[in-house]
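Q: I'd like to zoom in on one small part of this protein and then work outwards from there. Could you walk me through it slowly?

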Amino acid sequence: MNKGALALLIHGGTENWSPQRWKGRFDDVCGDRRVLLLPDAAFDPADVHYAAVWKPAPGELAAFPNLRAIFNLGAGVDALMADSSLPKVPLVRVAVGDLTQRMTEYVTLHVLMHHRQELYLRASQREKRWQPKFQWPANAISVGVMGLGALGSDAAEVLKRIGFRVAGWSRSARRIEGIECFHGQAQLAPFLARTDILVCLLPLTPDTRHILNRGLFAQLNRDGPLGAPVLINAGRGGLQNEADILSCLDDGTLGAASLDVFAMEPLPADSPFWTHPKVVLTPHNAADTDPDEISKYVARQIERFEAGAALDNVVDPARGY
């Protein structure tokens, strides 16, 4: 039987998101299934049954009348959900161990960086100043993780094992052994009040857009060993009010921030985030996707789906993730 083609619609400028690299990986794992790298004039849109995408242009996916499923090659699906012409077929999120591990590495690195006073120590090195400050233990620091999906839950568990006092907050109730879990709007304030380092891994939805704002930062714990709370955002750029972050860093409402995502990417050269002394900036690579693992994941999902099994990790349109 002739298998439906897989179309790749990939718009990304970094080496890891090279469309040609993805095409090579999918050719390797898809066997006799035709893999089309768009734009490609030599195909009939009706032959396309599946699409693997990253930041497709609005309307691109509507061109395939026989589409059966869409696979998003990154963790965030907010850009896709905003496309009013998106075909009414299952939209599948990436969920592989490699991506989860990479995000946990990032979160652990940056929590430890702020806990171990790396910004101060690096400034001391530049100034040739030998003046170490008192170093408190991990169990003196309360870390709060917003978003308890696969990524947030794993990061919370690793931070707990290191010795931090860890809590989590999510929209709906969750249970994670050894982690104090808060949920819903009513429990957000008590979660924030006990948090010294806030880690945000929420999905971007209409309810979470700009949730990281001055009003929220003002509710974080101000009596912890850090002196002022710290923000780590590796979720989505739309979660943060960037003017509020900058002003809160300047007036002491926030003591420091690690930011991997921004409202505009690549970050403009004139952005004050580049040079702010209290900001650790990374170029949206907290959990950079591994094309080898993701292409295998998509190929396995398609084969199982065609054999009659249900797709895993399908986005709920009502919730946006």
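Let's start with Val 35: does Val 35 count as buried or exposed, and at what relative accessibility?

A: Happy to, with the reminder that we're looking at a predicted model. Val 35 counts as buried, because its relative accessibility is 8%, under the 20% cut-off. Val 35 sits in strand E2. Setting aside residues up to four places away in sequence, Val 35 touches Leu 6, Leu 8, Lys 23, Phe 26, Asp 27 and Cys 30. One of those partners, Cys 30, is itself buried at 7% relative accessibility. For a sense of scale, the C-alpha atoms of Val 35 and Asp 270 are separated by 40 Å, with the two positions 235 residues apart along the chain.

Now for the sheet around Val 35. E2 belongs to an open sheet of five strands, ordered E2-E1-E3-E4-E5, with parallel pairing. E2 (35-37) and E5 (91-92) are the edge strands, and each has a single partner, so one side of each is left without a neighbour in the sheet. In general, the strands of a sheet pair through backbone hydrogen bonds, either parallel or antiparallel.

The partner of E2 is E1, and three bridges join the two, running parallel. In that pairing, Leu 8 stands opposite Leu 37 in E2. E1 (residues 5-10) is mostly covered, and six of its six residues are buried. Side chains in a regular strand alternate between the two faces of the sheet. For E1, that puts Ala 5, Ala 7 and Leu 9 on one side and Leu 6, Leu 8 and Ile 10 on the other, and since these are all buried, both faces are covered.

Keep going across the sheet and you reach E3, which pairs with E1 in the parallel sense over six bridges. Leu 8 turns up again here, opposite Ala 52 in E3. E3 (residues 48-54) then pairs with E4 (residues 69-72), again parallel, over four bridges. Ala 52 stands opposite Phe 71 in E4. You can therefore step from Leu 37 in E2 to Leu 8, from Leu 8 to Ala 52, and from Ala 52 to Phe 71.

Back to Phe 26, one of the residues that Val 35 touches. Leaving aside neighbours within four places in sequence, Phe 26 is in contact with Leu 6, Leu 8, Val 35, Ala 52, Leu 73, Ser 295 and Val 298. So that list brings together Leu 8 and Ala 52, which we just met as an opposite pair in E1 and E3, and Val 35 itself. Nonpolar side chains tend to be buried together in soluble globular proteins. Here, the largest nonpolar core has 53 residues, and Phe 26 is among those with the most contacts inside it, along with Leu 73, Val 111, Val 143 and Val 199. Helix H9 (residues 291-306) supplies the largest share of this core, six residues.

Apart from that core lies another one, of 29 residues, with Cys 200, Ile 211, Leu 239 and Ile 245 among them. Cys 200 is buried, at a relative accessible area of 0%. As for disulfides, a search of the whole structure finds zero. Cys 200 is in none, and the nearest cysteine sulfur, belonging to Cys 248, is 15 Å away.

Ile 245 and Cys 248 both lead us to helix H8 (residues 242-251), whose buried residues are Glu 242, Asp 244, Ile 245, Leu 246, Cys 248 and Leu 249. Those buried residues pack against helix H7 (214-217) and three strands, E10 (230-233), E11 (256-259) and E12 (279-281). At the start of H8, a side-chain oxygen of Asn 241 comes within 3.3 Å of the backbone nitrogen of Ala 243. After H8 comes Gly 252, with a positive phi near 90°.

One bit of context from the record: an unreviewed UniProt entry annotates residues 110-286 as "domain: D-isomer specific 2-hydroxyacid dehydrogenase NAD-binding". That span is 27% helix and 17% strand, and its end C-alpha atoms lie 10 Å apart.

Note on methods
Residues numbered from 1 in each chain as written. Predicted model: local features only at pLDDT ≥ 70, side-chain atom pairs only at ≥ 80, totals over all residues. Heavy atoms only, no water. Pairing = 2+ DSSP bridges. UniProt positions renumbered as here; feature names shortened; annotations may be inferred. Buried < 20%, exposed > 50% of the residue type's maximum accessible area, 1.4 Å probe, protein only. Contact = heavy atoms within 4.5 Å. Polar contact = N/O pair within 3.5 Å; in protein donor to acceptor, adjacent residues only side chain to side chain. Disulfide = S-S within 2.5 Å. Core = buried A, V, L, I, M, F, W, Y, C linked by side-chain atoms within 4.5 Å.
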